[in-house]
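This report walks through a structure for a reader who has not seen it before. It takes up the strands, the helices and the contacts between chains in turn.

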Amino acid sequence: MSAYLITIATLIAIYAIVVCGLNVIVGFAGQISLGHAAFFGIGAYSAALLATKGGLSFWTALPCVIAVSAFIGLLLGLPSLRVKADFLAITTIGINFIVEALFLYVPFFGGALGIGGIPRVMFFGIKLKGLAFFYLCLFFLVVVILICWWFRRSWAGLACFALREEESAAASMGISPVRFKLLAFVIGTGMAGLGGALYAHYIRFIAATDFAFPVSILFLSMVVLGGMGTLWGPVLGALILGALPEIFRPLVDYRFLFYMVLLLIMIRFQPGGLLGERSAVRRVLASIIPGAHQ
Amino acid sequence: MQLFFEQLLNGIAMGSIYALVTLGLALVYGILRILHVAHAGVYTVGAYIGLFFFQLTGSLIIAALGSMVFCAMLGVAIERFVYYPLLKYPPYVPLIGSIAVMLAIEELCRLIAGPHILTFAAKLPFPEIQLGGITISSTLMAVYCITAGVLAFLWYITSFTELGLAMRATSQDIPIADAMGINSHLIVSITFVLGSAIAAIAGILVGIYYNQVYPTMGAVPAYKTLALIVVGGLGSVPGAVIAAMLLGVAETLLIGYANIPLPRDALAFIAMIGVLMWRSEGLLGSR
Amino acid sequence: MSQALLDIQELSKYFGGLKALDQVGFNVMGGEILGLIGPNGAGKTVCFNLISGVYRPTAGKIYFNGQRMDGTSPHQVAHKGVGRTFQIVKPFGTLSVVENVLVAKGITKYNRFSRIWSTWKSKAEINEALEMLERVGLKDLADRQAGLLPLGNLRRLEIARALLVGHKLLLLDESFSGLRHEEIVQLEELIRSIRETGITVLLIEHNMRVAMGLCDRLVVLDHGSKIAEGRPQEIQQNEKVIEAYLGRKEASDAA
């Protein structure tokens, strides 16, 4: 594989990890989040700070990074318990703008210059780069998918599905809306933190704009395109929207417009996403493989 | 003290412009319960079309009218082709659609008119006023007068006409309004016409006020106005106007005096989260 | 007289100036079927929402098994063994029928952090859920998407879910409305069989014939107040009840 392809593949794997996390919040628990890039950023910045200022290795820092992201996710998930869906959408946009502003204007976070000189990940004395780092990302992606797979089968997952469908009925069956929504936020933002840590150690130079609001839109587009609430949808979405810019490189200038038109057509004609219930792809799959409805 | 008053006057102008953009958003939310992010895209288009007609004819009146008509059509097109088919889905579906439209409009403007900043050098036909050593420029006067005019017009429409009554009925409950013989889809379209035409005026005013028109000029208002309709109480038009005025003044004064480290764009959201903690229904919201 | 399972004392709920429920009190004895009836807007569903924790009462007390229960949140009420259905059915639309029932089966897990991580896709759990579906006559539809079922089936699905939660008390909110005659007869059978297993039933009913035939006792509400309480035969002859249902004017005209 050429270095160029490895770069694209690595970024897609990282995006897929983050988007799987967003899918837990939006797809499984039905809580709209338009500020997921903020948690991706919190993961990246805490990893970068722990590595450069704290001198910790990637592996010792990783649990802290995930814990920090998940904890802040828990704090910022609290508004979701108070507010209606529309408020939540706007609140999460607000969180994204505020977090980006903090990165940009607080000197501790490197200000407009961002944080550079983030070391590569070491694995038993070997510097992971290129293909080796891609395999590391792929490993974490597999872990994340396994967690999502199990979550969908667990009582916790079922409780989240029930809340997504009909909150009052779910509550009448002993499901605490507070507890399970926060659980989804914690898992989802934790995954974003993991993705952020990998991103920081891969790019090795991060700045506030990497985690701005349009990035959140990109993540949400990936979930919607792939199919909200499905297991493989986020991965497919990350793959398509991650690879498209490269495939359509000749279009350069029209690329972003093309994206948005694609997203618009998708949301207009197949709001359930490519792998959603009753989608065209799902129907074709079901006709080829009997019993492939899961 | 003189500086303070100048800042205050600028702040009110800022707030007026926010109010003009937020109006459309509040109207649409009130009637369809949709977060119409693409409204700021309509505002950008308004500025561009206004500039185009102004350069073509040299008349601000023709520029304003042309821009309002074009934006009204754009607004209705967004409503018919994007929102209306998506009403049956959960609210985030039209919201994502709206964001996609917003970004697509930005891109179209960039591709057609180019990425650079265009100047909008027009002199607005309003008098300059001297008040105890403070000069209110003709541009500021124009912003004040036009905003006041638009607000008065809208207040008249919603309070004293049959159209206003139909709009209020439709915003209460679409099926019931239909049952009462109101053509609710027409009312929804008229709401978009009103909101979008006002956005066109706002776009032209901002273009002249800053002497700048550029593709991403709608980006910051797009999301800031969302915060404003939340602070005002979702769907409350007076609430949105008050919130817009307060924000305009607060931003200008805080940036001018306090020199706070946060950029002004985050301020609206900080205020919003504060208001939500204090009154989760917003300033003038119900329920 | 044995101790009441549910003891409601001077319960009130005001919405602004509207007195939706005003100082209503009654008891539900263990093992009985009690009907809550009254004209539209009498406050029946408000009363249910207060018992199941959706609303907090403005004043008054609710005792369940001798313990205060007013102000308890809905999911905690469920954990005490109170199951409910909704007047406007609330299926988990995109889940299958059997998954809907499984959500209710999870009540034994949701309060223990260690248990929510086990899987619901086990043979044992699914078979138990299917048994419950068989009981309400929905077994053949187990794999259908719940949101696409007709109303009669949805009402039975709601009862199946509520049964798994309410092993002590079942609150049924107009479960008969919108059903065909045969379906009503089947559902009456089902509710009697539920009572046989020792579960107490409190139901809201609009259809007077069903309420009279099914319930051991009736409580009648009108404009937020209790106007009568007693056995069906007594209620049938109660003048206040006749007035409330026929309207004061017609009643006096008829006299």
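Two strands pair if DSSP finds at least two bridges between them. With that in mind, C:Gly35 stands opposite C:Leu218 in S9(C). The model described here is predicted.

**The sheet of chain C**

Strand S3 of chain C, residues 33-37, is joined to S9(C) by four bridges, and the two run parallel. On the way along the sheet, S9(C), residues 217-222, is also joined to strand S10 of chain C, residues 225-230. Here there are five bridges, and the strands run antiparallel. C:Leu218, which stands opposite C:Gly35, also stands opposite C:Gly230 in S10(C). Further partners in this pair are listed below.

| Residue in S9(C) | Opposite residue in S10(C) |
|---|---|
| C:Leu218 | C:Gly230 |
| C:Val219 | C:Glu229 |
| C:Val220 | C:Ala228 |

S9(C) and S10(C) form a hairpin, with two residues between the strands. In the turn, C:His223 has a positive phi of about 45°.

These strands belong to an open sheet of six strands in chain C, ordered S6-S7-S8-S3-S9-S10, in which the pairing is mixed. At the edges are strand S6 (82-84) and S10 of chain C, each of which pairs on one side only. From one strand to the next, the twist averages 15°.

Strands of a sheet pair through backbone hydrogen bonds, either parallel or antiparallel.

**Helices on the sheet**

Two helices of chain C can be placed against this sheet. Helix H1(C) lies across S3, S6, strand S7 (169-173), strand S8 (200-204) and S9 of chain C, and runs at about 150° to S7(C). Helix H6 of chain C, residues 181-196, packs on the sheet and touches S3, S7 and S8 of chain C. The direction of H6(C) makes about 150° with that of S8(C).

How many of the eight residues of helix H1 of chain C are buried? Seven of the eight residues in H1(C), which spans residues 44-51, are buried, so H1(C) is largely enclosed by the rest of the structure. The buried residues are C:Lys44, C:Val46, C:Cys47, C:Phe48, C:Asn49, C:Leu50 and C:Ile51. After H1(C) comes C:Gly53, which has a positive phi, near 90°.

**A helix pair in chain B**

In chain B, helix H1 (residues 2-32) packs with helix H8 (residues 184-210) at an angle of about 165°, and their axes are 8 Å apart. That angle makes H1(B) roughly antiparallel to H8(B), because angles over 145 degrees count as roughly antiparallel. The crossing of H1(B) past H8(B) is left-handed.

From H1(B), the residues that meet H8(B) include B:Ile17, B:Leu20, B:Gly24, B:Leu27 and B:Ile31. On the side of H8(B), those that meet H1(B) include B:Val188, B:Phe192, B:Gly195, B:Ala199 and B:Leu205. By class, this contact has 17 nonpolar and four polar residues, with no charged residues.

**Contacts between chains**

Which of the two pairs of chains that touch has the most contacts? The most contacts are between chains A and B. There, 35 residues of chain B are in contact with 31 residues of chain A. Helix H3 (60-86), helix H4 (92-113), helix H9 (219-232) and helix H11 (264-278) of chain B are the elements that give two or more residues to the side of chain B that touches chain A. H4(B) gives the most to that side, with 13 residues. The residues on this side of chain B divide into 31 nonpolar, two polar and two charged.

Chain A also meets chain C, with 20 residues of chain A in contact with 30 residues of chain C. On the side of chain A that touches chain C, helix H7 (155-165) and helix H8 (167-171) of chain A each supply at least two residues. H7(A) provides the largest share of that side, seven residues. By class, this side of chain A has 11 nonpolar, five polar and four charged residues.

Chain B and chain C do not touch, and their nearest C-alpha atoms are 11 Å apart.

Notes
Residues numbered from 1 in each chain as written. Chains lettered and ligands numbered in written order. Predicted model: local features only at pLDDT ≥ 70, side-chain atom pairs only at ≥ 80, totals over all residues. Buried ≥ 20, exposed ≤ 12 C-beta atoms within 10 Å, placed from the backbone. Axes fitted to C-alpha atoms, helices over the stretch in contact; angles between N-to-C directions. Parallel < 35°, antiparallel > 145°, perpendicular 65-115°, else oblique. Left-handed = near helix turned anticlockwise from the far one by under 90°. Contact = placed C-beta atoms within 7 Å. Nonpolar A, V, L, I, M, F, W, Y, C, P; charged D, E, K, R; others polar.
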